[in-house]
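Okay, thanks for making the time, everyone. I'll put the structure up and walk you through a sheet and then the ligand.

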Amino acid sequence: YFVLPEQIREGRVTIKGGDAHHIARVMRYKAGDVIIVCDNTGRELIVQLEHVWGNAVTGRVTTERTALSEPRLRVTLAQSLLKGDKFDWVVQKGTEMGVYQFWPFHAERSVVRLSDSKAAKRRERWHKIAKEAAEQARRGRIPEVSNPVRWRDVLDHIPLFDVAVIPHERERNQSLPSLWQSLSRVETCLIIVGPEGGFEAEEVNEAQQAGAYPVYLGPRILRAETAALTTIACTMWAGG
Ligand code: SAM
């Protein structure tokens, strides 16, 4: 199962690079074998292989269908940059769980600050992680990971979503069953998760004023990546 944008033309698929190597040398597919290819727009193509070399593989599309694995609800995760490989982990697991796109951002207390050149390298890595996770989860598309954005950009985008939530451990009265229920009737949801040290109270206020709902995930302090995945699970359960 491969998600391969830009390599499908007029009923023919040409696969090069690492994917071709994987098909020919690792999986040892032969001409005549069948693979499933996704075009990254949610369409699944059944492809019969015609030529299999080590560095290039070609095939013919025999059937097309809509990928059934894409969630109905488009969930965007705005996640503050995290230390070490934690953001990688969030991209991998979030992709498996159906996140539509990721927005890394710099919060007031973010420990990690990325220069433009470092961000470009990280983004390449995140894309690779998202592609592999999308293939393993048999998704119809690879979620995009944006360049790191500013907190102000996240705030400006809150009103553009049908629902926006900001998990916060001090919002004990905010379990909001009606909020989760509303996710079955809307199309887009933004989840905003802070850094290791948490949000500044001011940031939560600003997000609330822009229209985000604070949500409480229970009486335990979760690590940022756990809070992200828990909220994704809740939204997918309620609206996916
Ligand atoms: N200020 C926290 C502290 O006391 O150490 C740390 C923040 S927590 C490690 C990281 C992120 O997860 C924050 O965005 C926080 O709001 C969220 N979070 C952690 N536990 C939560 C809970 N029980 N309910 C909602 N959000 C939670």
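Let me start with a quick one: which residue in β5 does V34 stand opposite? It's Q48. Keep in mind as we go that this is a predicted model.

So, that pair belongs to β4 and β5. These two strands run antiparallel, and five bridges join them. They make a hairpin, with four residues between the strands. Have a look at the turn there: N40 has a positive phi, about 75°.

Carry on along the chain and there's another hairpin, this one taking β5 into β6 through three residues. Here the pairing is antiparallel over nine bridges. If you want a pair to click on, take I46, whose bridge partner in β6 is T63.

Now zoom out to the whole sheet. It's an open sheet of six strands, and the order across it is β1-β4-β5-β6-β3-β2, with mixed pairing. What's at the edges? That would be β1, residues 2-3, and β2, residues 8-9. Each of those has a single partner strand, so one side of each is left without a neighbour in the sheet.

Staying with β2 for a second, its pairing with β3, residues 12-16, is antiparallel, over two bridges. The example to look for is I8, which has V13 in β3 as its bridge partner.

And then there's a helix on the sheet. That's α1, residues 17-26, and it touches β1, β3, β4, β5 and β6. Compare its direction with that of β3 and you get an angle of about 95°. For anyone colouring this in at home, β4 is 34-38, β5 is 43-52 and β6 is 56-66.

Right, on to the ligand. How many residues are around it? There are 19, and the ones that come nearest are E169, L217, G218, R220 and L222.

A few polar backbone atoms are worth pointing at. In P167, one sits 3.0 Å from an oxygen atom of the ligand. With H168, the ligand atom is a nitrogen, and the distance to the polar backbone atom is 3.2 Å. L222, which I just listed among the nearest residues, also has a polar backbone atom 2.9 Å from a ligand nitrogen.

Last bit: how much of the ligand does the protein cover? On its own the ligand has 590 Å² of accessible area, and the protein covers 83% of that.

That's me done, happy to rotate things if anyone wants another look.

Notes
Residues numbered from 1 in each chain as written. Predicted model: local features only at pLDDT ≥ 70, side-chain atom pairs only at ≥ 80, totals over all residues. Heavy atoms only, no water. Pairing = 2+ DSSP bridges. Contact = heavy atoms within 4.5 Å. Axes fitted to C-alpha atoms, helices over the stretch in contact; angles between N-to-C directions. Near = heavy atom within 4 Å. Polar contact = N/O pair within 3.5 Å; in protein donor to acceptor, adjacent residues only side chain to side chain. Areas by Shrake-Rupley, 256 points an atom, 1.4 Å probe, with all protein chains shown as cover.
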